[in-house]
Amino acid sequence: MRCLVLVCALLMVSAVRGQEALCSYIDSVNFPYVQDFECTDKGNTIRVWENCTVNDELFTVNKTGILQDDSSGYCGGYLVLASDQVTMLLGKKLDAESGERPPACSITVDSDVPTYIIALDINEFYPQPEGGSRVTEVDMEENKPDAVVTTLTYTDEDKGETETLTISPVPSEFQKQFSMTQEKNVFTLSTKDALDYETRSVYKLEFSIISKDEFDTEKSSNHTVLLFVLDEGDTPPYWVHTEPTAKILEGPADRFVYYVKAADRDFGINNDVKYSITGGNDEGFFAIDEISGNVTLVKEIDYEEDTRFFTLTVTAQEYFDDGTVAPDPSSSTTITNINIEDVNDEQPTFNKDSYEKTIDEVVDSPVPIDLDMFVYDGDSASTYSQYTITSDKEDYLTIEPSQGRDNTSIRLWALSTPDGIFDYEKTADQPIIIALTATELANSSHSQTVSLTITLNDKNDNTPKFETDPYDASVLESKGKGFEVVTVSAYDLDKSPRFGNESIRYSGSCTNVLDVDEKSGRVTLTRDGALNYENAKNVLCQITARDGDGVEQTSSECTVNITVVDVNDSPPALTFNVQNVTVKENSPKGTVVEVEIGASDLDTTASLSFDIDWESSTASKDGAPVNIEKVKKWFVVEELAKGENASAALKVGAGNPDREVADTLQLSIKVTDKNTEDGYSDTDSKRLLVQILDENDTNPEFVGDYSDLKVFENSENGTKVAVVNASDKDENDAVTFSIKDDTYITITRLSDFSAELIVSGKTEIDREERETVLVILTIEDKAGHLTEQTFNVTVLDENDNPPIFQDDIILTSFTPYDTPGNILITFKADDADQSENLNYMLENDFEWPDGGFITPPEVPFRVQKKEDNYAELLLNFDPVGVNTGYCNFTISCLDNDGLHKASILGKVYAITSDYEVAVSYNNPVSYVKSLVIPIQNIFKEVYEFPSIIDSAAEGEDSTKSIVKMHFIDKEKNEPVQASRIIEMSNDYSISQALISKNEDLGLDIESVGNVTPDKGGGINNVLILEIVLGIVSLVLGSLLLLLLITYFMRTRSLERKLKVATTTTFGSVASDLNRMDMGGGVPGSNKFAGEGANPMYNLSDSYLRNDDASSVGSGDSVLVGVEDNPDFKGYSAETNKATKGQSNPAFNRSIDDIAAPSPFSGGTRANPLMGLGMDGKGSGDLADALRNHDLFIRRRSVGSETDSGNSEIYLPNIYFKFFI
């Protein structure tokens, strides 16, 4: 760099020297800051590097007086002449990127040639990625060569350096797999070869984007591309486990043979793999589990009979999650050779698992059992194929042969035995089951047992026999054809159906009277009137029973004796005097219906009863059938007379007739003869038409579904809401409609049973005030029956309300750290209308009253709609370099239909260092950034201004962080000065609240600006001092008040005691009166007055001052202070105890009424207790004696005589100075 500067300097010196005629006044140029100084006859040009600072030297002239004297500077103030009048300095900072060019000016005295200043670029800024991120993540499918991975776009704020940016890859092992092309400041990264996921799934490519200035000064930014390769199913599964050979012993199925396992070779896809046998399994002996790969034997295999060698081909096929087959290549195969090994597993086996045979029962000689029976042993060795055949019933059966080899035919004979197992009658028709066992001689465990079931045939060797003989029966002459007289029964000891009971057939001799069922033996009358008591009272018939099938038959006979019985067979007859009647509904129980019911019967033994046959009766309402169960309790029939001519009455029953249920009944009334014999009619019935007359007794009802009533808000008067219908089950009825509250909706009558709900118009219906109108309707019939129902009418919304912003003004801010697209504030407007989707817009009336712009951006902000009618105000320009001012503009909101619009003022401040407050934390910056919103809420709560965090950066080390924020004064609609926030931070309560709330978040706040919050445990020394002073003041004030109260109380008491102390004589008749035993002291008296003076006269001053036994102090009477004793209050009653009747006028006076005489004269001595220097002879009063005299009182209060322990309470001494 220095070499370049020196070379440029040499070139410029030569250039200047070559133009001495034109720039002869130039003495030297400061080339580290000036590239060259070009002089022509048309003008001079000085090219200055933009890193030159104000007051740096640019060039000097060779003498004074050459340059014009301009105190305000040259070329718009960019050039300033130094005080030495020969050195030219830079007056203003140059910026090549701004595009601003200093104006030309003339600097010499003798020339008007203009001088131009050109700012040359210095590489100050680093290349910046479009979008702000220096890390690009890309997903790309494998197997795509020459494919674009991503494009990187970079810019450089240095003048002209965006177009000259270059890119350089950071060397890596896979760099050759990619290529990078450039078009201006756009760099395209592509693949050269196809990428393979199985080889590498993630690539980290790093690049340096480099900018250079004319000094070749480089500034570079690093960019990382993270390429994630997406896998494709391009490789078949691979075998994890195979079995080239396997073997299995011959034998049963369901045995494991071997297993295979394969897996998807494509990493990240992991398709399911399923297995199948695709070759060598034509006979189906093997199966494979498609999931586990386990190959099992699924059919029993025999070494001697089946295939002994198999070559199985197993295929592993990939499947997608939806069950479809993955495309090729997606399968692999493996081959396994399986050998079947021989074992000695054959056993002697019958040709059948069971045998059945029917033979005649055995009587004498054996009976052959002809069967196709043989035993086979499949073992090839002769030692394993020999066996014996045995039976579990050896005494009943002969087996030939009993021993065999290989394949042997077996013959059997049934034997006659004493227990008669083969006798048909003794086996009770049960089959005979015999177990036959074939056992291998070499291995007894090789055996088979089968069952032989023998069924015996019966022979007819027994004669049928009747159970009784004869059969007697009594039959009514009235019985007709088919009447069962008797059932005869015979039995046969033969068990088989051919010869036993089932084969017995019956027949009779009296075919004109009796029929005999040949199978059941049931004997019935052949016809009606077959028996007649008058013609024959008895009938005899012979019955024959035969067995067998007609070839071998036997038979027997019995007699049936019938006694004929005479019967009563006349039916009753029912009569009505009328065929139809009427009954009022709601008639009470027991009401008689106007109909006469009678019945007669020709039989003298008849017993008649009446009833209603409800099953044959019917009911209807308006011609429609009614369930008869609903009316069964309405009527009953009561019997009036019995005998041959019986009668009954129809009455209302327990259930009152209800015409609304049924208006017509067809009652089937029947009469029954209880003594009528079977076979004859015992009843007669007739129908009676009963009509129910109506009474108005039911409430009207609303008809229809009114659950979905609706009306639009703001509907006009008379708007139809709904038609309401009603009904009443009573005949010829009608209803009236009424509404409880017609504030919103009223009702108009349409017909006897319908009315219309309409908008009343009294009060406008507003959905925003009420979403439902409650309508209470009442219907009333002619009889005054009422029914009330509540209807809920839903109010439908109309767009009749404008949107309203939640705030009076939308106030926010931006900082130089913000980037385009940043969210400045989230705001919302509300619309009382239902389901309104609000739209927001900016009116493009942006004003910058105090903007820090040379040219303000045309659209500095934009609005973005969010969910729930929220919107965000976004920054739409790069605010770098904008550090003053604010912008006013209008934000508008439209509702769905665009019918209503609301507008609000938006105000956005540019936040500078005057408003930014730096807050230091003893926490890592990552933790602080995670709590941005809670931190903003804490500062808002503590300082009562909304706070916005502008940036958060690392502090002195990684454990500290610095947060910059600013505050908004919503009342003034402007940012809050940082100095005000810092000043507020000095407040102890604010600092303590700030510390406490930050600690709740785990934050350790160090300082706010230059203020460090007090962390001394939350105790303020000033507050402690204030509390202490308050307590001291309270205590002192209380003590002072207590002293004043004590002073006034003691002063009054002392005055009273002094008044008593001046009294010399107290008795009215004789002083000795005070010696009387009256149970206590007397007020106004002195028991020592007989001596003419107070006995304390002789007490010295020292004694009075020091002796605690004194009454109250010097000069006190023995009664002074007694008035304080409650027992002394009843002293007047004690006077009645005096024995001589003397009285003392002082008895009825209090101590306060006793006044000492004004002069101390007479035969008594003056009171000496005060030591006042009075001899008792002179005249004067106590007042004169007390004037200017000091009095010291020492007082002790002693407990009462009943107190134990003689506890004493000492009261403070009192000092008085008297001034009278």
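A residue is called buried when its relative accessible area is under 20%. The structure described here is a predicted model. By that cut-off, the buried residues of helix α5 are Y988, I990, S991, Q992, L994, I995 and N998. They pack against four elements: β69 (917–921), α3 (932–943), α4 (978–985) and β73 (1005–1008). An α-helix has 3.6 residues a turn, so residues three or four places apart point the same way.

The length of α5 was checked against its residue count. The helix runs over residues 988–1000 and holds 13 residues. At 1.5 Å a residue, the expected span is 18 Å. The C-alpha atoms at its ends are 19 Å apart, so the two values agree. After α5 comes G1002, with a positive phi near 80°.

Helix α3 also takes part in a pocket. Rolling a probe the size of a water molecule over the atoms shows where empty space is left. The second largest pocket encloses about 790 Å³. Its lining comprises 28 residues. L824, I825, Q936, S947 and I948 lie nearest the centre of this pocket. At least two lining residues come from each of β62 (809–814), β63 (823–830), α3 and β70 (947–954). The largest contribution is that of β63, which gives six residues. By class, the lining has 14 nonpolar residues, eight polar residues and six charged residues.

A separate site centres on S330. This serine sits in the loop between β23 (309–319) and β24 (331–341). S330 has a relative accessible area of 1%, so it counts as buried. Its side chain has polar partners in the backbone. A polar atom of the S330 side chain lies 2.8 Å from the backbone oxygen of A326. The side chain of S330 also reaches the backbone oxygen of P327, at 3.4 Å. Leaving aside residues up to four places away in sequence, S330 touches P236, P237, A316, Q317 and E318.

Backbone geometry was examined next. Most residues other than glycine have a negative phi, and most peptide bonds are trans. Two peptide bonds that precede prolines are described here as cis. The bond from E400 to P401 is cis, with omega near -15°. P401 belongs to the loop between β29 (397–400) and β30 (403–405). The bond joining D469 and P470 is likewise cis, and its omega is about 0°. P470 is placed in the loop between β34 (465–466) and β35 (471–476).

Positive phi values occur at two asparagines, N55 and N844. N55 is not a glycine, yet its phi is about 75°. The residue lies in the loop that connects β3 (44–49) and β4 (57–61). N55 has a relative accessible area of 53%, so it is exposed. For N844, phi is near 60°. N844 is found in the loop between β64 (839–842) and β65 (861–865). Its relative accessibility is 53%, and N844 therefore counts as exposed. By contrast, S330 is a buried loop residue.

Technical notes. Residues numbered from 1 in each chain as written. Predicted model: local features only at pLDDT ≥ 70, side-chain atom pairs only at ≥ 80, totals over all residues. Heavy atoms only, no water. Buried < 20%, exposed > 50% of the residue type's maximum accessible area, 1.4 Å probe, protein only. Polar contact = N/O pair within 3.5 Å; in protein donor to acceptor, adjacent residues only side chain to side chain. Contact = heavy atoms within 4.5 Å. Expected span 1.5 Å × (residues − 1). 1 Å grid on protein atoms, 1.4 Å probe; cavity = no way out; pocket = protein on both sides within 12 Å on 5 of 7 lines; lining within 4 Å. Points joined across faces, edges and corners; volume = space filled by probe spheres on them. Nonpolar A, V, L, I, M, F, W, Y, C, P; charged D, E, K, R; others polar.
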